[in-house]
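Work through the exercises below with the sequence and the coordinates at hand. Each task is followed by a stepwise solution.

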Amino acid sequence: MGVLPVPAGVRAILLDVEGTTTPIAFVQETLFPYIRDNVEQYLRAHWEEEECQRDVGLLRQQAQEDSGLDGAVPIPLESGSGDEELERVIRAVVDNVHWQMALDRKTTALKQLQGHMWRAAYATGLVKGEVFEDVVPAIRKWREAGMKVYIYSSGSVEAQKLLFGYSTEGDILELFDGHFDTKIGPKVESESYRRIAATIGCATNNILFLTDVPREANAAEEADTHVAVVIRPGNAGLTDDEKSYYSLISSFTELFLPSST
């Protein structure tokens, strides 16, 4: 794919995570299975805690919004009438989480619970965040050239910070100027990129967005954001039209900054 010059007006680089900074396999084979296998145990251990109850409340609210969807799992209210009722509510939460994950839902409620579960796993050393080997050196070079670097992922901001704070490269959070998740808007909607630009104080055409997902790239382009699609091992294949239309890179080192010598 060679060298891709970064447009002269770009002042900030916005990075996707899964399939861009981090192998899809890490997310699909480590992070998600951890949630599926441990959610019931986690709920039982933390049920009485305020944070856990907030997570359950958000999941219950999402379940109400999903009530018309095929296979949706409602989460009943807990009236405090005994262990049998508690078991029924916990089972409903577990089933709801499994249902959402089976459909690859990106709801804030699901992502918030996942983030809190991953926090415990990272802190105890059960999980370390994986990043491609070109990521850290490239970002350091971008920052030395005066670029701001941000993360935009469907995973919660907390989950992002855990991945990069407990990574195989150590704590690399200092490399990022900010984090965005679906609270700013869905990644497949152009308005989300306008909100990000407004938040960081620049025009959308001052941003270069790196992602492995053409739908996200298309939404960013609609907002007049510069885009490059990242080709990594394990990523979904692109159509011939997508390959010819988008700027493609297979490593962050392929980006050539205007100030580079």
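**Exercise 1.** How many residue pairs are in polar contact between domain 1 and domain 2, with both residues at pLDDT 80 or more?

Solution. Start with the conventions. The model is predicted; local features need pLDDT of at least 70, side-chain atom pairs count only at pLDDT 80 or more, and totals for chains, interfaces and linings use all residues. Residues are numbered from 1 along each chain as its sequence is written, and side-chain values use heavy atoms, leaving out hydrogens and water.

Step 1: take the bounds. Domain 1 covers 2-21 + 128-254 and domain 2 covers 26-122, bounds that come from an automatic or database domain assignment.

Step 2: apply the rule. A polar contact is a pair of N or O atoms within 3.5 Å; within protein, one must be able to donate a hydrogen and the other to accept it, and residues adjacent in sequence count only if both atoms are side-chain atoms.

Step 3: count. The result between domain 1 and domain 2 is 4 residue pairs.

Step 4: classify the domain 1 side that touches domain 2: 4 nonpolar, 5 polar and 5 charged residues. Here Ala, Val, Leu, Ile, Met, Phe, Trp, Tyr, Cys and Pro are nonpolar, Asp, Glu, Lys and Arg are charged, and the others, Gly among them, are polar.

**Exercise 2.** What area is buried between domain 1 and domain 2?

Solution. Step 1: contact (heavy atoms within 4.5 Å) links 14 residues of domain 1 with 11 residues of domain 2.

Step 2: buried area is the accessible area (1.4 Å probe) that two parts lose on being put together, summed over both. For these domains the value is about 1,200 Å², with 62% from carbon and sulfur atoms.

Step 3: on the domain 1 side, E18, E158 and L162 supply 36% of the area buried against domain 2, more than any other three residues.

**Exercise 3.** Which side chains meet in a salt bridge at 3.1 Å, N to O, and which at 2.8 Å?

Solution. Step 1: the rule asks for a side-chain nitrogen of Lys or Arg within 4 Å of a carboxyl oxygen of Asp or Glu. By this rule the count comes to 16 salt bridges, and across the interface of domain 1 and domain 2 there is 1.

Step 2: R119 and E158 form the pair at 3.1 Å.

Step 3: R44 and E40 form the pair at 2.8 Å. These two are 4 residues apart in helix 1 (residues 24-46; a DSSP run of H or I, at least four residues, numbered from the N terminus), so about one helical turn separates R44 from E40.
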